[in-house]
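Reader: Could you give me a close look at one part, the aromatic ring pairs? Once that's clear, please work outward to the rest.

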Amino acid sequence: MNASFVLTLGLAARFLLGSGNKFARFVTWVSLLGLGLGVMVLTVVVTVMNGFDRELKTRLLNSVPHIMIPVQVEAAPEPQDLLALSGVSTVSPYFRGLGALSFAGRVRPVTFYGVDATGLGAMAAVVASLGGMNAALSLLDRPDAVVLGAALAQRLGVAPGDRLTAVMTVPSGDSIAARTSALQVAGTFEIGADPDYNLALLSFASRSEAEWSRVGRLGLRLQLDDPMQVGLIKQALIARYPGMQMLGWDQSYGELFKAIGMEKSMMFLLLLLIVAIAAFNVIAGQTMMVHDRRGHIAILRTMGASARMIRGIFLVQGSMICIVGTLAGLGLGVWLAGHINTIVDMLAGFTGQHLLDGSYFITVPTEVRYGDLILIAGLSMGLAFWAALLPAVRASRLDPAKHLY
């Protein structure tokens, strides 16, 4: 190891930890603490937002169609041809219609969704909530059976066994007409996402395709091995079937996830300001340290130390603060994120109200993404390093003749 570097490192540690102006050292340690706390808060918030993003995507994409293809188009593809495409796991017919449900004077707008066994099996989150595939199929084994989201059933005030009125819209010339029918609530599901509030499941086999087509839209539902590849699969479908209409989950729910991503970015930038403030504290602490060590700097210069070496001493000193503060903040942030539910439960015990009351979630989801940790570490160290560079440059430019005493 280079002897000059060893000397620089030793002097930097001595200046940081040795005796001197106590207030200057206090400001230096406060800047380290502020940097660590800023990085910790940023890590916890980003990790929790990643968890919410993952949970919403998982719950929704395990329930909604990944791609919907109306059959009222020219050259409608055969299900076997669609299954032959790489990345497509299942293809099933579906019915989709808009309308409302009425019970005891309460009316709620809903989306009616008719599925067969294959289509129901693709709704993994719904099937799991209903107690498994056999239980789910048994709930829809009657022509008048309907399965509702738990939140929708609660707002209507219905329970399994209750009969309610379904109103479906039917095109009639230049306007629409309403068609009513009686349905019996066979069960409810809860996946912790938007379908809980507006989805009513019907058996596709309960009516003929001609009957379904009069009150809604028929089509083919595609489930993908990887929902994130929906764009590539749509491109492959368009290349094979030019002009074919289709609707992907990225179009139906893309704006929701874009909003979540934008919210995460804004929170990241706002919390990064805390780190920036801590970086300015590094400037203050290092500037006071340089002022306190003017005599030592002058002695080192008269003994032959170069301006580069002086600059290196205070730059290494500032870098120590950057590295220790950032790594401590990252480690503590990841640890807190892993124990966030324990902390939330403790707060609920003190306040009497849980943070997640009234939301889709029972526990706070978290997800550690190493890319985010690297970005946080890089930006935090970069800001703090820049803050340490300014006092280091100032130290290297001190005139030793004015500070020998």
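**Aromatic pairs and what surrounds them**

Author: This predicted model holds three aromatic pairs (rings of Phe, Tyr and Trp, the six-membered ring for Trp, with centres within 6.5 Å; planes under 30 degrees apart are stacked, over 60 edge-to-face, and the rest tilted). Take Y94 and Y113, a stacked pair with 6.0 Å from centre to centre and 20° between the planes. They sit 19 residues apart and link distant parts of the chain, with Y94 in strand β2 (residues 88-103) and Y113 in strand β3 (residues 106-115). Helices and strands here are DSSP runs numbered from the N terminus: H or I over at least four residues for a helix, E over at least two for a strand. Y94 is buried, at a relative accessible area of 2%, and Y113 is buried as well, at 4%. (Buried means under 20% relative accessible area, exposed over 50%, and partly exposed in between, with a 1.4 Å probe and protein chains only.)

Another stacked pair is F95 with W212, at 4.2 Å between centres and 25° between planes. This one spans 117 residues, joining F95 in strand β2 to W212 in helix α9 (residues 209-215). Both rings are tucked away: F95 is buried with a relative accessible area of 0%, and W212 is buried at 0% too. Add F204, and ring pairs link F95, F204 and W212 into a cluster.

A quick word on ground rules. Residues are numbered from 1 along each chain as its sequence is written, and side-chain values use heavy atoms, with hydrogens and water left out. Local features need a pLDDT of at least 70 and side-chain atom pairs count only at 80 or more, while totals for chains, interfaces and linings use all residues.

Now outward, to the nonpolar cores (sets of buried Ala, Val, Leu, Ile, Met, Phe, Trp, Tyr and Cys residues joined through side-chain atoms within 4.5 Å). The largest has 45 residues, and I67, L82, L201, L222 and L237 touch the most other members. Zoom in on L222: setting aside residues up to four places away in sequence, its contacts (heavy atoms within 4.5 Å) are P65, H66, I67, I69, L82, V88, T90, V91 and L237. F95 from our ring cluster turns up in a second, separate core of 22 residues, which also includes F112, L148 and L218.

Next, helix α2 (residues 22-61), home of T47. T47 is buried, at 3% relative accessibility. Beyond its neighbours within four places in sequence, T47 contacts A337, P365, T366, E367 and V368. Two of those names come back below.

E367 has a salt bridge to R369, at 3.4 Å from N to O (the rule is a side-chain nitrogen of Lys or Arg within 4 Å of a carboxyl oxygen of Asp or Glu). E367 is partly exposed at 23%, and so is R369 at 29%. E367 and R369 belong to a network of salt bridges that also takes in D53 and K57. K57 and D53 are both in helix α2, four residues apart, or about one turn of the helix, and their side chains meet at 3.8 Å, N to O. K57 is partly exposed at 23%, whereas D53 is buried at 12%. Elsewhere, D250 pairs with K234, with the closest N and O atoms 3.1 Å apart. D250 lies in helix α11 (residues 249-252) and K234 in helix α10 (residues 230-240), so this bridge ties together parts 16 residues apart in sequence. The salt-bridge count comes to eight.

V368 reappears at the surface, where V334, V368, Y370 and I374 make a nonpolar patch of about 400 Å². V334 lies in helix α14 (residues 307-338) and is partly exposed at 31%.

Stepping right back, the protein has 16 helices and nine strands, and 45% of its 405 residues count as buried. Of contacts between residues at least 6 apart in sequence, 78% join residues at least 24 apart.

Terms used
Patches are made of residues with over 30% relative accessible area and no salt bridge: like charges are joined within 9 Å, nonpolar side chains (Val, Leu, Ile, Met, Phe, Trp, Tyr) within 5 Å. Accessible areas come from the Shrake-Rupley method with a 1.4 Å probe; for residues, only the protein chains shown count as cover.
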